[in-house]
Amino acid sequence: MGFLAVEAVRPFLFDGNREDITVALKNAGAHRFPVERPGYIVTTRSYLREDCNMALRKKLLSFSDPVERRDWLAQEKQIKGLRYKEASHFLRNIGLRGYAILDKHVMSCLQDLKVVDTPKPPATRARYLETEEKLKAFARDIRIDFDELDLVLWSMKTGEVLK
């Protein structure tokens, strides 16, 4: 569904209005929230034009601290729809390392392995960072690259690898 949604809105990302994006998502049957999410795109795009002239990679690389980089994405009120898991996923997808994607599948696997006590994905910054540190320690202990471990855990629960 995510891939379909991206393809449906691609022609409208730089200048489409909310209505154009809504119609594209509805026509593609590609999103559970085709009316609400286009507002996220329009608001975020407007903010990024003002804040960094759409030079998002340059803005992200301007942060010397990787935690601050993710904090900016997850906490900036004009960047809609991203919290810690989604911000981590985005940063990893653009080639930046050192961020855990702690979704329900990864968390369930971590609970099965006794790394965490609950399968519930972390809902706060503090809990996300704490769980990420546990995953880093676990990766060191079992000698698996941290940036690959969550994908391994995810695939163990879902039975597939998408990347």
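1. Let's start with Arg 92, which sits in helix H6, residues 84–93. One thing to keep in mind as you read on: this is a predicted model. Arg 92 has a relative accessibility of 18% and counts as buried, because the cut-off for buried is under 20%. That is a charged side chain to look at with some care, and the next two points go through its partners.

2. What does Arg 92 touch, once neighbours within four places in sequence are set aside? The contacts are Tyr 99, Ala 100, Ile 101, Asp 147 and Asp 150. For Asp 147, there is a polar atom of the Arg 92 side chain 2.7 Å from the backbone oxygen. So if you click through the model, pick the main-chain oxygen of Asp 147 for that distance.

3. Asp 150 is the salt-bridge partner of Arg 92, with 2.9 Å from N to O. Why does this pair tie together parts that are 58 residues apart in sequence? Because Arg 92 belongs to helix H6 while Asp 150 belongs to helix H9, residues 146–158. Asp 150 is buried, with a relative accessibility of just 2%, and Arg 92, at 18%, is buried too. Side chains of opposite charge can pair when their charged atoms come close.

4. Now the wider set of salt bridges. The structure has 10 of them. One of these joins Arg 10 to Glu 7, where the closest N and O atoms are 2.6 Å apart. Arg 10 is partly exposed, at 45% relative accessibility. Another links Lys 134 with Glu 130, at 3.6 Å from N to O. How far along helix H8 are Lys 134 and Glu 130 separated? By about one helical turn, because they are four residues apart in that helix. Both ends are partly exposed by the numbers: Lys 134 has a relative accessible area of 32%, and Glu 130 comes out at 46%. There is also a network, in which salt bridges with shared partners connect Arg 97, Asp 145 and Asp 147. Asp 147 is a name you have met already, as a contact of Arg 92.

5. On to the aromatics. There are three aromatic pairs in the structure. Phe 63 and Trp 72 make a tilted pair, because their planes lie at 35°, and the ring centres are 5.9 Å apart. For the label, recall that planes under 30 degrees apart count as stacked and those over 60 as edge-to-face, so anything else is tilted. Phe 63 is buried at 16% relative accessibility, and Trp 72 is buried at 12%. Tyr 84 and Tyr 128 also form a tilted pair, with 5.9 Å between centres and 35° between planes. Tyr 84 is in helix H6 and Tyr 128 in helix H8, residues 125–142, so this pair ties together parts 44 residues apart in sequence. Are Tyr 84 and Tyr 128 buried or exposed? Both are buried.

6. Phe 63 and Trp 72 have company: together with Tyr 47 they form one aromatic cluster. If you are checking ring geometry there, a pair of aromatic rings is described by the distance of the centres and the angle of the planes.

7. The surface deserves a point of its own. Which residues form a nonpolar patch there? They are Leu 13, Phe 14 and Met 54, which together have about 280 Å² of accessible area. Phe 14 is in the loop between helix H1 (2–9) and helix H2 (18–28). Its relative accessible area is 58%, so Phe 14 counts as exposed.

8. Finally, the overall picture. The protein chain has nine helices and zero strands, and the pattern along the sequence reads α-α-α-α-α-α-α-α-α. The C-alpha trace spans about 50 × 35 × 25 Å along its principal axes. Of the 163 residues, 37% count as buried. The chain exposes about 9,900 Å², with carbon and sulfur atoms supplying 54% of that. As for contacts between residues at least 6 apart in sequence, 47% join residues at least 24 apart. The salt bridge between Asp 150 and Arg 92 and the ring pair of Tyr 84 and Tyr 128 are two places to start when going back to the model.

Conventions
Residues are numbered from 1 along each chain as its sequence is written. This is a predicted model: local features need pLDDT of at least 70, side-chain atom pairs count only at pLDDT 80 or more; totals for chains, interfaces and linings use all residues. Side-chain values use heavy atoms; hydrogens and water are left out. Helices (H or I, at least four residues) and strands (E, at least two) are DSSP runs, numbered from the N terminus. Buried means under 20% relative accessible area, exposed over 50%, partly exposed in between (1.4 Å probe, protein chains only). A polar contact is a pair of N or O atoms within 3.5 Å; within protein, one must be able to donate a hydrogen and the other to accept it, and residues adjacent in sequence count only if both atoms are side-chain atoms. Contact means heavy atoms within 4.5 Å. Patches are made of residues with over 30% relative accessible area and no salt bridge: like charges are joined within 9 Å, nonpolar side chains (Val, Leu, Ile, Met, Phe, Trp, Tyr) within 5 Å. Accessible areas come from the Shrake-Rupley method with a 1.4 Å probe; for residues, only the protein chains shown count as cover. A salt bridge is a side-chain nitrogen of Lys or Arg within 4 Å of a carboxyl oxygen of Asp or Glu. Rings of Phe, Tyr and Trp (its six-membered ring) pair if their centres lie within 6.5 Å; planes under 30 degrees apart count as stacked, over 60 as edge-to-face and the rest as tilted.
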